[in-house]
Amino acid sequence: MKTFAALAAALALAGAAVLGAAAPASPASSDDGLERYRRQPLAWSPCQEPRLAAAGTECASLTVPLDYREPQGRTLALAVSRIRAADPAARRGVLQTNPGGPGNRGLEMPAALRERLAPGTAAAYDLVGMDTRGVGASGGLDCGLTRGSWLRSAGASAAGFARSLRLAEADANACWDRYPGLLPHLTTRNIARDVDVLRAALGERRTSFFGQSYGALLGAVYAQLFPRRVDRLVLDSALDPARYGVRTIQDMAGPNERALDDFAAWAAPRDADYRLGATPAAVRATVEGLVRRAEAEPIAVDGFRLDGALLPVLLAVCQSDDRDSALYADVLRQLLDAADGRPVRVSPVLHELLTVVLDPGPAGGADLAAALGILCDDAAWPRAARWYREAVERSRAAQPVFGPVYNGPVPCAFWRGAPLEPPVEVRNAVPALQLHATGDTHAVYEGALALHARLSGSRLVTVPGRVHTVHLNGYSACADRAVDAYLSTGALPAADTVC
C-alpha cells in the first residue's frame, strides 16, 4: 500500500458535477478584460517548503480574477510551481499538471511526475504545478472542519442516516458562513480558465497537460474550452463528464463491493495467516460483521474510536490497489483483535489510516473544505433527504458494505444557491492519451469508455487490474511507456491498447 499512496485521492474524490449545456470554445480575446492577467510577470524563486526546494522547484504567485465575468473586480493569488526543463536545447514547452481530488494540493506534482517520467521525457518540459483556487497555498479554505472525508456510511438504522444528514448540513453551513463571496467561484470551469491564464503568463502559445483523477476531468474541460491551446494531453483515471456529480459517487459502490469480493478470494487461502475466513464467503461475512460491530460499539484502537460510519471509508482506501492485499488483511486483523478487546500493536499503516480519516488536523480539514467547494459548485445535487434515504435502501441488497457510503447524504445537498454558470459539456476531437485500470474503485472504467467516446481524437490505454491513477502509482510499465512515447514524440498509439 506504500503507506496508502492513494489515500488522498480516495478521500477527496467523493463526487462532483459537470453536466448540462455544451459550452463553446473560448479562444483568447484582446477585448475580454483578461490581458493584464495574461501578460503579468511571474516572480520565480526557490519554494519556501523545504521538500519542494530540495527537489529544485521554484514557486511564484499568479493573479486571476475571482469572477471571470467581472475581470476588473476582486482577484485571487494562486500559488504555482515549476521545475525547469533540464535540457534547454531539447525543450518542448510546458507540461501543466493536476493531482486530482478535487482539492488535492498541486505544488509537489512536478517533482512527483519527474520521478515517474523517463529522464529524457521530463528533461524536455518545464513541469508546472498549481494549488488551484481555494486549495492549500492558494487561499486554502478554513471552514473549521475536523475530518478527513465527508464520505461516511449512513449505516443500518434510521438514527445513522439522521446523523449523516446532520453532519452533511453542518459541513455545508460551516463553509458558507465563512466564505459566502468565494464559494460560488470555486468551479472546474474557473480552474480551467486559471490554467489558461497561467499558460499565457508563462509566455506559451500552447500548453501540454497531465491530469489524474479529477485532474483528468479538468484537462478534458480545458481542452473543451481552449482546444487551440492544447499541445499534448494525458488523462489518467478520468471521470465521465456526463455523470460527474451524484452519479459519480453512486458509481463507486459497485466496484468497491467487487473489490471486497476479490480481496476475499485472495484472503481465503491464507486463513492460517490472517484468520479472516477459510472461504471467500466467510471472509466477506467477517468484514460485514466487523462493520455491524463498529456500528453497535465503536472500535477502540490506537487512541481512536472507529465507528461504523467511517470504518467502510477506511476499508475503501485499503482496497483501492490490488497489490496491497497483505496490508489490507493485516489492517483487518488488527481491527478485529481490537474489537475483541485483545491488545493490538498498531502498524504504521493503520495508524496513518486512522489519523487521516479521523483526525487529520487543520490541514486535512482545509483540504476537505476545498474539495467540497469545488464538488458542490459545479452543478446542483439532489436536495431532498428522502432522495438519499431511498438511494441507500435500494443499494443495500447488492452493496451491503459500500452502498450506504456512496448513496448517503452529502454536504452538496445543503449547498446554498445555484451554480453561477452552466457546466461544461465535454465533446471534442482534441488528441489525448487516456490511461485507465479496469478495476478502478474511484473512477469506474465505464466512465473512461464514455469519456473516450466523447473525445474522438483520444486513444485509450486499458490496464487490467485495480488501481486509481496508473502512472504515478507505477502500476504498469506498459502504460508508462505509452506516456513517455506520447509526450516525447506527440504521436498517439495507432489504436486503443490493452496492456
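Trainee: Why is strand β6 (residues 207-212) said to be largely enclosed by the rest of the structure?

Mentor: Buried means under 20% relative accessible area, exposed means over 50%, and partly exposed is in between (1.4 Å probe, protein chains only). In β6, 6 of the 6 residues are buried, so the strand is largely enclosed by the rest of the structure. Before we go on, note that this is a predicted model: local features need pLDDT of at least 70, side-chain atom pairs count only at pLDDT 80 or more, and totals for chains, interfaces and linings use all residues. Residues are numbered from 1 along each chain as its sequence is written, and side-chain values use heavy atoms, with hydrogens and water left out.

Trainee: Which residues of β6 point one way, and which the other way?

Mentor: Thr207, Phe209 and Gly211 point one way, while Ser208, Phe210 and Gln212 point the other way, and all are buried. In a regular strand the side chains alternate between the two faces of the sheet.

Trainee: What makes β6 and β7 a strand, and α8 a helix?

Mentor: They are DSSP runs, numbered from the N terminus: helices are H or I with at least four residues, and strands are E with at least two.

Trainee: In which sense does β6 pair with β4 and with β7?

Mentor: Two strands pair if DSSP finds at least two bridges between them. Strand β4 (residues 93-98) and β6 have 4 bridges in the parallel sense, and Phe210 is the bridge partner of Thr97. β6 and β7 (residues 230-236) also pair in the parallel sense, over 5 bridges, with Thr207 opposite Val230. From β6 the chain passes through helix α8 (residues 214-225) to β7, a right-handed β-α-β crossover. Right-handed means that, with the strands pointing away from the viewer, the path from the first strand over the helix to the second runs clockwise.

Trainee: What is the strand order of the open sheet, and which are its edge strands?

Mentor: The open sheet of 10 strands runs β1-β2-β3-β5-β4-β6-β7-β10-β11-β12, with mixed pairing. Its edge strands are β1 (45-46) and β12 (497-498), each pairing on one side only. β1 pairs with β2 (residues 58-65) in the antiparallel sense over 2 bridges, and Pro46 stands opposite Glu58.

Trainee: Why does Ser237 count as buried, and Asp302 as partly exposed?

Mentor: Ser237 has 0% relative accessibility, so it counts as buried. Asp302 has 32%, so Asp302 counts as partly exposed. Ser237 has a positive phi of about 60° although it is not a glycine, and it sits in the loop between β7 and α9 (246-250). Asp302, also not a glycine, has a positive phi of about 55°.

Trainee: What kind of peptide bond joins Gly101 and Pro102?

Mentor: It is a cis peptide bond, with omega about 0°. Pro102 is in the loop between β4 and α4 (109-116).

Trainee: What makes a space a cavity, and how many of 30 Å³ or more does the structure hold?

Mentor: On a 1 Å grid over the protein atoms alone, a cavity is a set of points where a 1.4 Å probe fits but cannot get out, and lining residues have an atom within 4 Å of a point. The structure holds 6 cavities of 30 Å³ or more, and the largest has about 150 Å³ of space. Its lining has 21 residues, with Thr187, Arg189, Asp378, Glu421 and Pro422 nearest the centre.

Conventions
On a 1 Å grid over the protein atoms alone, a cavity is a set of points where a 1.4 Å probe fits but cannot get out, and a pocket is an open set with protein on both sides within 12 Å along at least five of seven lines; lining residues have an atom within 4 Å of a point. Grid points are joined across faces, edges and corners, and a volume is the space filled by probe spheres set on the points.
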